[in-house]
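Q: Please take a close look at the sheet in this model. Cover its strand order, its edges and the helix packing that goes with them.

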Amino acid sequence: MSKQNICELLLRKHIKKIKPYSTARDEYRGITNGAASIFLNANENPYQLQDQKYDKIVDLNRYPDPSQEILKNEISKDKGVAFDNIFLGNGSDEATDILIRMFCEPGRDSVITMPPTYGMYDVKAKINNVKTIEIPLVENENNFGVDRVNLLSTIDTEPNIKLLFICTPNNPTGSVIDKRIIFEILNSFKGFVVIDEAYIDFSESKSFISELNKFSNLIILQTMSKSWGLADLRIGVCFAKKNIVDYMNRIKPPCNIGGFAQKLAIRSIRNKRNKRVAVSGVIADRIKVIEQLQKMPIIEKVFKSQANFVFVKFNDGDLIYRYLLDNGIVVRNKSKENLCQNCLRITIGTKEENKKLLSVLQNIG
Ligand SMILES: *Cc1c(COP(=O)(O)O)cnc(C)c1O
């Protein structure tokens, strides 16, 4: 079987047979090439909601474009990836869920994660009765790295591993996974390597997008929730080979992304200034926050971060977490997770928020 056909090879059998849901829009477009002006085909409400702020942006009474054509074209131009290699999900979490449902047979197959990492891979696997094999990261001087020997021997010996999730920069540690190891895995793993680049824009490392054509087992996840500042819109982006994208499109709910969200995302991509300013601001502030944290006696270690948060080991994580809460500041307490004893994940906020955080922590002594 050539590497090109890895999708057909690993796809669950019943999914091959599924015909995509045909929307009213798909059907008339096929015949008239889209020329029509009266739409009585989708049981929509004919009356536009009168809201001066929103009705200029989108006809809220109409269903959104299920193929997300304009938005995908913008993303295609922005990222230099062909339209056919782009899938859009209701957040990248939807893409993760669909990939698991496409390739993993419940009760038999498994996925690999490398904790401490994003918890959603394991949650989605569990929901689908798919086993998660954990290959924990190993703490090093600056941060955490892959347990290479353990990982390579696991993918070599365990049968039925379909997906391997690599989060880089990793949530919650902020670390970037060594590229040489990722290439080693791409070359040797018989399943799909899913690289989650949710935080890539905050890092110095290059996206794996440029490798898409070289590896048919490479799938990349990105999102508009973090660097684009559009978490509320729920737009996740998945880059993969065309046949994978085609099957993902068959599985997704037709209107998985609202028209309002699509329009706002299009506007953001056409005017990238907001994103650029926000990303460079967050990176500059991350450096300043880390500098200040490193001086504090309550802190044991500030992990090197390539994301929009910092991962910090305190002398007493639970106590600091409570203390911050008592001062109205919510951070993510990771203390109870494996390898994360006394660690909190702190998002870089606005300048004022960061200042308040630092002054509250300084007051502990
Ligand atoms: C925030 C985050 C996402 C984004 O999820 P969306 O569903 O797109 O909002 C994905 N992966 C990681 C590692 C994240 O931290």
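A: Two strands pair if DSSP finds at least two bridges between them. The model is predicted. On that basis, an open sheet of 7 strands runs in the order β1-β9-β8-β7-β6-β2-β3. Its pairing is mixed. The edges are β1 (86-90) and β3 (131-134). Each has a single partner strand, so one side of each is left without a neighbour in the sheet. From one strand to the next, the twist averages 25°.

Start at the β1 edge. Its partner is β9, residues 235-239, and 5 bridges join the two. They run antiparallel. Within this pair, Phe87 stands opposite Cys238 in β9.

A helix also packs on the sheet: α7, residues 148-157. Helix α7 touches β2 (110-113), β3 and β6 (161-167). The direction of α7 makes about 160° with that of β6.

Next, a helix pair. Two packed helices are described by the angle between their axes and the distance between the axes. Helix α5 covers residues 92-103, and helix α9 covers residues 242-251. They pack at an angle of about 100°, with axes 10 Å apart. Angles of 65 to 115 degrees count as roughly perpendicular, and α5 and α9 are therefore roughly perpendicular to each other.

Which residues meet there? From α5 come Ala95, Ile98, Leu99, Arg101 and Met102. From α9 come Ile244, Tyr247, Met248 and Ile251. By class, the contact of α5 with α9 has 8 nonpolar residues, no polar ones and 1 charged.

Key:
Residues are numbered from 1 along each chain as its sequence is written. This is a predicted model: local features need pLDDT of at least 70, side-chain atom pairs count only at pLDDT 80 or more; totals for chains, interfaces and linings use all residues. Side-chain values use heavy atoms; hydrogens and water are left out. Helices (H or I, at least four residues) and strands (E, at least two) are DSSP runs, numbered from the N terminus. Axes are lines fitted to C-alpha atoms, for helices over the stretch in contact, and angles run from 0 to 180 degrees between N-to-C directions. Contact means heavy atoms within 4.5 Å. Angles under 35 degrees count as roughly parallel, over 145 as roughly antiparallel, 65 to 115 as roughly perpendicular and the rest as oblique. Ala, Val, Leu, Ile, Met, Phe, Trp, Tyr, Cys and Pro count as nonpolar, Asp, Glu, Lys and Arg as charged, and the others, Gly among them, as polar.
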